[in-house]
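Work through the exercises below with the coordinates open. Each task is followed by a solution in steps.

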Amino acid sequence: NYRAFALALLFCALSCQAAAAAYAPVPAKADFLGCLMKEIPARLLYAKSSPDYPTVLAQTIRNSRWSSPQNVKPIYIITPTNASHIQSAVVCGRRHGIRLRVRSGGHDYEGLSYRSEKPETFAVVDLNKMRAVSVDGYARTAWVESGAQLGELYYAIAKNSPVLAFPAGVCPSIGVGGNFAGGGFGMLLRKYGIAAENVIDVKVVDPNGKLLDKSSMSADHFWAVRGGGGESFGIVVSWQVKLLPVPPTVTVLKIPKTVQEGAIDLVNKWQLVGPALPGDLMIRIILAGNSATFEAMYLGTCSTLTPLMSSKFPELGMNPSHCNEMSWIKSIPFIHLGKQNLDDLLNRNNTFKPFAEYKSDYVYQPFPKPVWEQIFGWLVKPGAGIMIMDPYGATISATPEAATPFPHRQGVLFNIQYVNYWFAESAGAAPLQWSKDIYKFMEPYVSKNPRQAYANYRDIDLGRNEVVNDISTYSSGKVWGEKYFKGNFQRLAITKGKVDPQDYFRNEQSIPPLVEKY
């Protein structure tokens, strides 16, 4: 199945980017531009008429579906180089009725960080030029700007120390701003949880253009920016993170098994074993066509991993020939691209721009074996995509649901990401239908009331905000919001009501303000 193989090979994702807002009356655009130009150098501003505008806009569009002419594009792109430029953009935007959306890495699966579904006048703050990372190895902390890619953060940490790491997304080209804002997890999720719960301070420009940090913002505001999605509570300029220890050697496995080689029984066993393993061992699965690839990272050496696997998951038949021992930093390009070249972590040239569709699910009850048999049937249908499954348990599941906005904790066995790529606009019908159909098929077997989804795997099919009297309604937001945030959605909306009651920072899936009446 070449298509499934290509999908698995090309796959790059694990959390996306997050954004910021819009449905304003059309003001005098020139006044907005004039206001910006007083404070921001003209070389950092791109109007639609500028010859460089198409290049700057397209630079981090990762999904070609959102490049087509019918997408509503920003009237200006602002590429700040410091926090004061962002403050000016917010002040000018408020004064002249122009909303801002914010793009860090461009991985927002629905493109809402740089496009609007409905006609409206908005500008994009593109954080591409703000990507500084400073590491304090002695204190085991780092400050990273939102426009940095995860690969740049990982590289800077490893350059400072080979035994420190940070638990964020798998794909190195994801922007820090969106990944952390929506939660952020990768191969260290069972050891150290999500990125957001390891953030210890932020610098954020609020809807009034003020620059705040943890000490000057409310406890609820600080809670909300670390996992509540990136578009709703201001523009996070930079994040201070806690760096965490890893051994000098980690072991990576990639063991493919076809249906003929017993993949169905192995996946059926994995759903119970994977979430119960020690936190040092993460085994995720990529299902494509008639095969399951078991991708594992173990914080330790092959000689310790081999007996652990023989005891916990002997059916997989892992032996020392499967081991790839390396430093943690080399595991990032190896897991993602199959090679240990660290330069790939710094690569910002984005040439892979498929048309793509994504969905997600959370699983609390093991699937009966016949369901796995049917799933493998789905994976060879016309237009089939792939499924990526991450086991939970250990640290990610031990954190209380209300500790961060990210609520997928105790009792989760694994999450599923459904990924589908195609390479010509006209070829989208079968993949889009497949995505819709498998999502419907899976309904009886996944989480219920609500059927949960991961905020960074943004999915507009879960619901859109309705705007009444120029404010997104709580009732419309609740439809999709409780799927991403469960019981934390209400606290997010109340916080939004305090921080941004006029709903300046908004998009089709931003947190609506719930203003408490006394």
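## Salt bridges

The structure holds 28 salt bridges. The model is predicted.

**Exercise 1.** Find the acidic partner of R101, and state which parts of the chain the pair ties together.

*Solution.*
- Step 1: Start at R101 and look for a carboxyl oxygen within 4 Å of a side-chain nitrogen. E120 qualifies, with the closest N and O atoms 3.6 Å apart.
- Step 2: Place both residues. R101 sits in strand β3 (residues 99-103), and E120 in the loop between β3 and β4 (122-126), so the bridge links parts that are 19 residues apart in sequence.
- Step 3: Check the surroundings. R101 and E120 are both buried.

**Exercise 2.** Which residue forms a salt bridge with R451, and are the two partners buried or exposed?

*Solution.*
- Step 1: The partner is D361; the closest N and O atoms are 2.8 Å apart.
- Step 2: R451 lies in the loop between α14 (429-442) and β19 (467-468), while D361 belongs to strand β16 (residues 355-363), so the pair ties together parts 90 residues apart in sequence.
- Step 3: Apply the cut-off for buried, under 20% relative accessible area. R451 has 12%, so R451 is buried. D361 has 0%, so D361 is buried too.

**Exercise 3.** Start from the pair D503 and R506 and list the network of salt bridges that contains them.

*Solution.*
- Step 1: Confirm the starting pair. The closest N and O atoms of D503 and R506 are 3.1 Å apart.
- Step 2: Both D503 and R506 are buried.
- Step 3: Follow shared partners. They join R99, D470, K496, D500, D503 and R506 into one network.

## The interface of domains 1 and 3

**Exercise 4.** Describe how domain 1 meets domain 3, from the domain bounds down to the atoms.

*Solution.*
- Step 1: Take the bounds from the domain assignment: domain 1 is 32-126, and domain 3 is 249-326 + 354-452. Domain 2 covers 133-245.
- Step 2: Compute the separation of domain 1 and domain 3. Their centres, over C-alpha atoms, are 36 Å apart.
- Step 3: Count contacts. 7 residues of domain 1 touch 9 residues of domain 3.
- Step 4: Compute the buried area. Domain 1 and domain 3 bury about 680 Å² between them, with 48% of it on carbon and sulfur atoms. On the domain 1 side, S64, R65 and Y109 lose the most area, together 69% of what that side buries.
- Step 5: Look for charge pairing. There is 1 salt bridge between domain 1 and domain 3. The side chains of R65 and E357 form a salt bridge at 2.7 Å, N to O.
- Step 6: Add the polar contacts. The rule finds 5 residue pairs across the interface of domain 1 and domain 3.
- Step 7: Sort the domain 1 side by class. There are 1 nonpolar, 4 polar and 2 charged residues.

## Buried sites

**Exercise 5.** How many residues of helix α5 (residues 150-160) are buried, and what do they pack against?

*Solution.*
- Step 1: Count. 8 of the 11 residues of α5 are buried, so the helix is largely enclosed by the rest of the structure.
- Step 2: Name them: L150, G151, E152, L153, Y154, A156, I157 and A158.
- Step 3: Find the packing partners. The buried residues of α5 pack against β5 (133-136), β6, β7 (164-165), α6 (176-182) and α11 (328-337).

**Exercise 6.** Where does T141 lie, and which residues does it touch beyond four places in sequence?

*Solution.*
- Step 1: T141 is in strand β6 (residues 141-145).
- Step 2: Its relative accessible area is 14%, so T141 is buried.
- Step 3: T141 contacts S134, V135, D136, I200, Q240, V241 and L243.

## Backbone exceptions

**Exercise 7.** Locate the cis peptide bond at P450, then compare the burial of N469 and K486.

*Solution.*
- Step 1: Recall the norm. Most residues other than glycine have a negative phi, and most peptide bonds are trans.
- Step 2: The cis bond joins N449 and P450, with omega about 0°. P450 is in the loop between α14 and β19.
- Step 3: N469 has a positive phi, near 50°. N469 lies in the loop between β19 and β20 (471-472).
- Step 4: K486 also has a positive phi, about 50°. K486 is found in the loop between α15 (474-485) and α16 (488-499).
- Step 5: N469 is exposed at 73% relative accessible area, whereas K486 is buried at 16%.

Note on methods: Residues are numbered from 1 along each chain as its sequence is written. This is a predicted model: local features need pLDDT of at least 70, side-chain atom pairs count only at pLDDT 80 or more; totals for chains, interfaces and linings use all residues. Side-chain values use heavy atoms; hydrogens and water are left out. Domain bounds come from an automatic or database domain assignment. Contact means heavy atoms within 4.5 Å. Buried area is the accessible area (1.4 Å probe) that two parts lose on being put together, summed over both. A polar contact is a pair of N or O atoms within 3.5 Å; within protein, one must be able to donate a hydrogen and the other to accept it, and residues adjacent in sequence count only if both atoms are side-chain atoms. Ala, Val, Leu, Ile, Met, Phe, Trp, Tyr, Cys and Pro count as nonpolar, Asp, Glu, Lys and Arg as charged, and the others, Gly among them, as polar. Helices (H or I, at least four residues) and strands (E, at least two) are DSSP runs, numbered from the N terminus. Buried means under 20% relative accessible area, exposed over 50%, partly exposed in between (1.4 Å probe, protein chains only).
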